[in-house]
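Welcome! Please open your viewer and get ready to select a few residues as we walk through this structure together.

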Amino acid sequence: MNAVAVPATLPLWTVAELTYRCPLHCAFCSNPVDFAKIQSELSTQEWCRVLAEARSLGAVQLGLTGGEPLSRPDLEEIVAEAHRLGFYTNLITSGVGLNETRMRALKEAGLDHVQLSFQDSTRELNDFLSSTRTFELKRRVATLIKAHGFPMVMNCVIHRLNIDHVDKIIDLALEIGAEYLELANTQFYGWADLNRSQLLPTREQLAHSEAVVAGYRQRIGNRLRILHVISDLYETRPKRCMNGWGTTFMVIAPDGLVMPCHAARMLPGIKLPSVREASLRDIWLDSAAFNRFRGDQWMPEPCRSCPEKLKDLGGCRCQAFLLTGDVAATDPVCDKSPLHGRVLEIVNAPRPLRAVVERPLMFRTPENSQQLIAEAAQP
Amino acid sequence: MDNPTPLSRSAYPRVAPLYRFQWEAAQNAYVLLFPEGMVQLNVAAGEILRRCDGKRTAHEIIADLRQAFQSDAIDADVEDFLRSATHDGWVEWRDTVTP
C-alpha cells in the first residue's frame, strides 16, 4: 500500500472501453498500437461488478466506448445496469451497428446520450480516414438518434487533412441537429503519434480554424455548442493531464486494466492495476499507478519551483514520455522545459502537403497492429 | 403556446429534458448532468431546481422557497437564478402542467 499524501478526489468521469474490436481503422485512433495482443475481454458480469464499484466511489458520468462498443452484444445489458446504478450514460460510437432495433433497446435500457463520430464533412475524406465506407451510414444513424429523442454530440477529430473544412463540419453538425459539436484536434498518442508528420496541422491552419469557430459561435449562439479542443504543441504552457493524474478520470480497458488516461498503457515503469486482481476502491485510492503523479512531490525542476505548477500540474505524462523518453519529465510543451526545443523542432519542421500525401498513413488495423507488435519484439 | 415568456409567475418551469437533475450522495449536492458534463449545484440552486418539476408555477415555487428559507427577501435571487438557468438551457417553461 502507498501512503496517500494527497487527499483523493472522486473519479467523477469513468470511461469503460468495452472492446478494442472496431469496424473502423482510423489513422488517429487513441487505442494502443498493440491492441491486437490484448485478449480476454471482461465479461458482462465483470463489467456489472466494476460499474457498481465505480458508482460507490462517486463516479457519475460513464463513457461507453472502445473500439466500437456496439461490437459487444451485451451493450444493452451493461447500459441497463449503469442506468440502474444512477450513472449518466454516454455511448461513444462510430454508428456502425446502430440500427432501429438496438437504438430502441438502448433507449429502453436508459441510455442518456449518444456521441457520434464523423471523420470529415465529405464522404471522400470520411471514408478515406476511417478506411471504410461509412459516411452515408453515419448520416442515417444521426437521424435515428434524433428520432429517438437523444441529445447528440457530433465528434470530429481534427488534423492537417480536414482542418480546412471546419466550416463544413460545423454546417454538417447543424444539419443533423446535434446539440454539441466536439472539434477534437488530434492528440498525438498511439496511432496518431505514428502518423504525426502527416496529421499535425500547420500553425496557420490552426489559427484559421480558430477564427472560423469564433465566427460561427457568434452567429449561431446556443443552437449548437462547439467544444474546440486544441492540441497544445503550439502553446508555451502545457495542459493538465486529464484534469490532473488520478484526480477526476479513470479508464477501464477491455481486459480490466485501470488507467489514469487512455494512453497510459504505453508508459514504462508503471504497473497498471487490474479489476481482476483488486477492487476499484483499492486501485483508485492505494495503487502505485494512480498515486505516481498525484500532487507535486514527484515533480522535477523546472516544475518543482514554478509558481504555475498547480495550474498545469507539470502537463501530460504521455506527451512528456513520447517527446523526452522520461515519463516524469516536465512536459516539453512548456517553454521553461530544457527540452522545449524538441517541440519547436516538430512544429517548425517544413512539411509540404505533397510529402504528407505521399507518405502513406498507418491505419489502425489488426494486421498493422500485429506488425507493430512484431517490430517492437525485435532485439 | 409551447414556450411562454420565461419568468411569467403563472408559467410552469421544468428542468429541460436534455438535462438530468439528481442528488449525488458522494458530492453531498444536487447535480445537473448533460452529455459528458456535470454542474454541481449549491444549496440554493439545488432547492430551486428540485422544485422545477413542471407541476408548479413559478409563483408556487417562490412561495414554497420563502417557507423553506424562512425569508420573504428571496424573490429577486430566485428570479435571477431562473433567468440564467433559462438562458443556459437548463430550464424551460410551459403554460400547463407537465403530466
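Before the first stop, one working term: two residues are in contact here if their C-beta atoms, placed from the backbone, lie within 7 Å. Please also keep in mind that this is a predicted model.

**Stop 1: the nonpolar core**

Select A:M154 to begin. Leaving aside neighbours within four places in sequence, A:M154 is in contact with A:L116, A:F118, A:A173, A:I176, A:A178 and A:L181. Now widen the view to the largest nonpolar core, which has 125 residues. A:M154 is one of the residues with the most contacts inside this core, together with A:M152, A:C261 and A:C318. Which strand gives this core its largest share? Colour strand β5 of chain A, residues 152-158: the largest share, six residues, comes from there.

**Stop 2: a strand with two sides**

Next, select β4(A), residues 113-118. Is this strand enclosed or open to the outside? Six of the six residues of β4(A) are buried, so the strand is largely enclosed by the rest of the structure. Show the side chains and turn the view slowly. In a regular strand, side chains alternate between the two faces of the sheet. Here A:H113, A:Q115 and A:S117 point one way from β4(A), while A:V114, A:L116 and A:F118 point the other way.

Add β3(A), residues 88-93, to your selection. β3(A) and β4(A) pair in the parallel sense, over four bridges. To find one place where the strands meet, look for A:N90, which stands opposite A:H113 in β4(A).

**Stop 3: where chain A meets chain B**

Keep those two strands coloured and bring chain B into view. How many residues does each chain bring to the contact? Chain A gives 16 residues and chain B gives 12. On the side of chain A that touches chain B, β3 and β4 of chain A each supply at least two residues. That side of chain A divides into seven nonpolar, seven polar and two charged residues.

**Stop 4: the sheet of chain B**

Stay with chain B and select its strands β2, β3 and β4. They form an open sheet of three strands in the order β2-β3-β4, with antiparallel pairing. Which strands lie at the edges? The edge strands are β2 (20-24) and β4 (37-40) of chain B, each pairing on one side only. Neighbouring strands of this sheet are turned by 30° against each other on average, direction ignored.

For a closer look, zoom in on β2(B) and strand β3 of chain B, residues 29-34, which pair over five bridges in the antiparallel sense. B:R20 stands opposite B:L33 in β3(B).

**Stop 5: two helices crossing**

Return to chain A and select helix α6 (residues 166-176) and helix α9 (residues 203-220). Their axes come within 9 Å and cross at roughly 35°. The crossing of α6(A) and α9(A) is right-handed. From α6(A), A:V166, A:D167 and A:I170 make the contact, and from α9(A) it is A:S209, A:V212, A:V213 and A:Y216. The residues of this contact divide into five nonpolar, one polar and one charged.

**Stop 6: two cis peptide bonds**

Show the backbone atoms for this stop. A:G66 and A:G67 are joined by a cis peptide bond, with omega about 15°. You will find A:G67 in the loop between β2 (61-65) and α2 (75-85) of chain A. Then move to A:E301 and A:P302, where the peptide bond is also cis, with omega near 5°. A:P302 lies in the loop between α11 (288-291) and α12 (309-312) of chain A.

**Stop 7: two positive phi angles**

Select A:L313, in the loop between α12 and α13 (317-324) of chain A. A:L313 has a positive phi of about 50° although it is not a glycine. Is A:L313 buried or exposed? It counts as buried, because it has 26 C-beta neighbours inside 10 Å and the cut-off for buried is 20 or more.

Now select B:Q70, in the loop between α2 (58-69) and α3 (75-87) of chain B. B:Q70 has a positive phi of about 50° and is not a glycine. B:Q70 is exposed, with 7 other C-beta atoms within 10 Å.

**Last stop: a loop residue of chain A**

Finish at A:Q39, in the loop between β1 (13-17) and α1 (44-56) of chain A. A:Q39 is exposed, because 8 other C-beta atoms lie within 10 Å and the cut-off for exposed is 12 or fewer. Add A:T19 and draw a distance from C-alpha to C-alpha: A:Q39 and A:T19 are 20 residues apart in sequence and 9.3 Å apart in space.

How values were computed. Residues numbered from 1 in each chain as written. Chains lettered and ligands numbered in written order. Predicted model: local features only at pLDDT ≥ 70, side-chain atom pairs only at ≥ 80, totals over all residues. Axes fitted to C-alpha atoms, helices over the stretch in contact; angles between N-to-C directions. Left-handed = near helix turned anticlockwise from the far one by under 90°. Nonpolar A, V, L, I, M, F, W, Y, C, P; charged D, E, K, R; others polar. Core = buried A, V, L, I, M, F, W, Y, C linked by C-beta atoms within 7 Å. Pairing = 2+ DSSP bridges.
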